[in-house]
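Visitor: I would like to test some labels against their cut-offs. Please show me the model.

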Amino acid sequence: MADGRITVLVENTAGGRGLLGEHGLSFWIELNGKRFLFDTGQGHVLLNNARRLGIGLDHIDAIALSHGHYDHTGGLGEVLRSSRATTVYAHPAAFEAKYARNPDGSARDVGMPGLDEEMIRDMAELVLVEEPVKLCRGLHLTGPVPRTTDFEDTGGAFFKDRACVEPDPLVDDQAAFIETQASTVVILGCAHAGVINTLRHVQSLTGNRPVHTVIGGMHLLHASPERMDKTVDELRRLDVQRLLPCHCTGMAAVARLWQEFPGRCAACPVGTILEVPA
Ligand SMILES: [Zn+2]
Ligand SMILES: [Zn+2]
């Protein structure tokens, strides 16, 4: 019996009776007797999917947000209202205004909907994450990810203002990781810091343990051929055993990864359960 498991609660696709997909991401992480929510999706399907999967959200040890975009934070209010007092972990920049520029030059609001820092503090204990933090034995948040590669960027036209003048570097972007006996399982939100930057950072935090599994959004949907090539090269060098690219990874990038890493890739629709051996 594994000591941990990750259940996909929200993803763009769904794989079971009564389960619903939406553009968003949320993982339910059970580890060493504790229960965590990593991201909350947009909020349209989270409670339905949790109920259908038999996951009681009334008791959550902590909720961690990968970054402030609406497709990861939109369900937070509803979860906090339906659960007992809990702790929320997020980088301070997750609460700032966030916009994305449309192809026609207009902007759309992609920030956290309906909640601000003060409202969260009324419902939960809020821990601002500006460096790596341990959530429980074996489970950590990376905190801000150093941008060390020369081929990765945030993956889109993201800005701090509606006029789209000041670029948003998404310093709030972080991943979660589980340390198993000999390796690491990395859980990505959108990887706006870059998937390779994120994996390098996790390795630096874990004494260069091998990365066994990577699950989550890799935000490669606008990746240049050069970025895709280098990402594949680095994933091969890291010898990642199991890849579950989803959400914002992009169809072409997912297809490429499946082709480059035969037998190592899997889909991860809502309802997917990943056992994590301790
Ligand atoms: Zn995002
Ligand atoms: Zn996203």
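Visitor: What phi does G207 take just after α5?
Guide: A positive one, about 65°. The helix α5 is a DSSP run (H or I, at least four residues; strands are E runs of at least two; both are numbered from the N terminus). This is a predicted model: local features need pLDDT of at least 70, side-chain atom pairs count only at pLDDT 80 or more, and totals for chains, interfaces and linings use all residues. Residues are numbered from 1 along each chain as its sequence is written, chains are lettered from A and ligands numbered from 1 in the order in which they are written, and side-chain values use heavy atoms, without hydrogens and water.

Visitor: What makes α5 mostly covered?
Guide: Of its 11 residues, 8 are buried. Buried means under 20% relative accessible area (exposed is over 50%, partly exposed in between; 1.4 Å probe, protein chains only). The buried residues are V195, I196, N197, T198, L199, H201, V202 and Q203.

Visitor: What covers them?
Guide: The cover includes β12 (176-179), β13, β14 (211-217) and α6 (225-238). Contact here means heavy atoms within 4.5 Å.

Visitor: Which protein atoms are donors of the zinc ion (ligand 2)?
Guide: D71 (OD), H72 (NE2), C190 (SG) and H247 (NE2). They lie 2.1 to 2.3 Å from the ion. Donors are N, O and S atoms within 2.8 Å of the metal (3.2 Å for Na, K and Ca). Water is not among the atoms, so sites may look incomplete.

Visitor: Why is the arrangement around the zinc ion (ligand 2) called irregular?
Guide: Its 4 donor atoms subtend angles of 84 to 162°. Tetrahedral needs all angles between 85 and 135 degrees. Four donors count as square planar, and six as octahedral, if opposite donors are over 155 degrees apart and all others between 65 and 115; anything else is irregular. The angles therefore make this site irregular.

Visitor: How are the donors spaced along the chain?
Guide: As D-H-x117-C-x56-H. C190 and H247 link distant parts of the chain, 57 residues apart. C190 sits in the loop between β13 (184-188) and α5 (195-205). H247 sits in the loop between β15 (242-246) and α7 (251-260).

Visitor: C190 and H247: buried or exposed?
Guide: C190 has 2% relative accessibility, so C190 counts as buried. H247, at 9%, is buried too.

Visitor: How far is the zinc ion (ligand 2) from the zinc ion (ligand 1)?
Guide: The two ions are 3.7 Å apart.
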